[in-house]
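User: Please take a close look at a single part of this model. Tell me what covers it, what follows it, and how the backbone behaves elsewhere.

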Amino acid sequence: MYVGKFGAQGRFRKAMEKIAYFDCPTGIAGNMCLGAILAAGMPLDNLLDQLKRLGLEDEYEFTVTQVRRQEQAATAVTISLNSDAVRGHRHLPEIENLIRQAHLPTRVVDWSLAIFRELAAAEAAVHGIPAEQVHFHEVGATDALIDVVGTCLGLEWLGVDRVVCSPLPIGGGTVRAAHGRLPVPAPAVLELLRRAQAPIYSNGIDKELVTPTGAAIATTLSDAFGPPPAMTLNQVGLGAGSHDLPIPNILRLWIGTGAQPRTTDHGAHKSAHSHDQSTDPQPTDHPHAEHQQSAPEHGHQQTIPGYCEAIVELQTQLDDLTPQAIGYLYDGLFKAGALDVFTQAIGMKKNRPGILLTVICAEADAAACQSLLFSETTTLGIRSHGQQRQTLYRSWQSITTDYGPVQVKAGLATPNGPVVNLQPEYETCAQLARQHSIGWKQVQWAAIAAAQSIYQDEYRAAEWDHTPTHLTR
């Protein structure tokens, strides 16, 4: 299983971990998430009352109907914009202010901000501009705000601690958008999936199956992509898509309890763990709050930077393979989901020089990587070892320098910082260096200096609310 951006750390509670699994055979969209959440048990009146805090109730109508998709019953949600509604001319700061001023539960605010910031980062990458200059269209409209905030309210009400998502079908064909007709997946969706390294596949349906809002919700809130985690299933909510497809157009939300206790102090995150109750108590509306236990006051637990995730190490020795095949194999392994690939020179039997080929990947990608090793090399056997690795949280940000914008990757000790290290993207630095006829280190140093200044200013703020926009392996 691919383990995503945020892991667990902090104080333990006695209640079992509450898991939400998004099963997406026909993709994911914001209205499908809302339908699934209502079908899983959140009262409609509760959801609508909290959405009113955004102050947008005059701009839309919220309709819930029970429909059938290929003879399966599901809940359909439609957000109809009124004729005088704001139809999508908001920038990120305006969206952030709407969310912050709505007096929503702390975790809902954190998740909603994280989703829209991830959308802004994806749109910025697509259009080649800083995230702050992104002019939202569809994803800044009222219906997208309701979809995102409503989904976060639902996960909060359901008491979810962790979100896992299935691999996503990419769809096909074209879709009409504010910038004209676009190929499917839409550019912003493709960028969101790339940034999250989400596993994708084709189910043969040439429709838009993953919308920008749905992609942002899935990639931002999910701790992992892969098969359902081990859990005891408690509830299932079925959210209907808008169209009839060859297979039931339904998002299935599974709610269950895991086998391990969950921590409660996680920092701001893309899954359901952002609130430290011991330092900032807040009222909550969901019915599971009474089960949350604070940690003992005595003793102190040292926090290790980053988070722990499960990986698989694949190894094989080769002494009869042309080196040209290794270079070809590298590209294929990374496309199959490998996190890292490397070789070491070794001496083998019959005094032959050979190489030890090692592949690091997530559990969900191990089978694909092994199949590629068998098909593209001469190996007759592969060793597999399950391991744990500690890794920093990572955030991509476009940094403005005198030579042009540079993508900088920050390694964070927790989802909220502090920054442990900074590394500009080499290819961008090299390209700018060639354009200005200077050494690439000069561009690299300028990017690091600019990034240090930005992060330093953010961490000096009284209320630091930056959420990582992207984490890679």
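Analyst: Helices and strands here are DSSP runs numbered from the N terminus: H or I over at least four residues for a helix, E over at least two for a strand. The model is predicted, so local features need pLDDT of at least 70 and side-chain atom pairs count only at pLDDT 80 or more, while totals for chains, interfaces and linings use all residues. Residues are numbered from 1 along each chain as its sequence is written, and side-chain values use heavy atoms, with hydrogens and water left out.

The part to look at is helix α8, residues 323-335. Its buried residues are Ala325, Ile326, Leu329 and Leu333. Buried means under 20% relative accessible area; exposed means over 50%, and partly exposed lies in between (1.4 Å probe, protein chains only).

What do the buried residues of α8 pack against? Three strands and a helix: β13 (307-318), β14 (338-348), β15 (352-361) and α9 (366-376). A contact is a pair of heavy atoms within 4.5 Å. After α8 comes Gly337. Its phi is positive, near 115°.

Now set helix α1 beside it. This helix covers residues 30-39, and 9 of its 10 residues are buried. Among them are Met32, Cys33, Leu34, Ile37 and Leu38. Just after α1, Gly41 also has a positive phi, about 130°.

Most residues other than glycine have a negative phi, and most peptide bonds are trans. Some places in this chain depart from that. Gln70 has a positive phi near 50°. Glu71 has one near 70°. Gln70 sits in the loop between β3 (60-69) and β4 (72-81), and Glu71 is in the loop between β3 and β4 as well. Gln70 is partly exposed, at 44% relative accessible area. Glu71 is exposed, at 63%.

The peptide bond from Val184 to Pro185 is cis, with omega near 0°. Pro185 lies in the loop between β8 (180-183) and α6 (187-196).

Last, the whole chain. It holds 11 helices and 19 strands. Of its 473 residues, 52% are buried. Take the contacts between residues at least 6 apart in sequence: 74% of them join residues at least 24 apart. The exposed area is about 21400 Å², with carbon and sulfur atoms supplying 51%. Accessible areas come from the Shrake-Rupley method with a 1.4 Å probe; for residues, only the protein chains shown count as cover.
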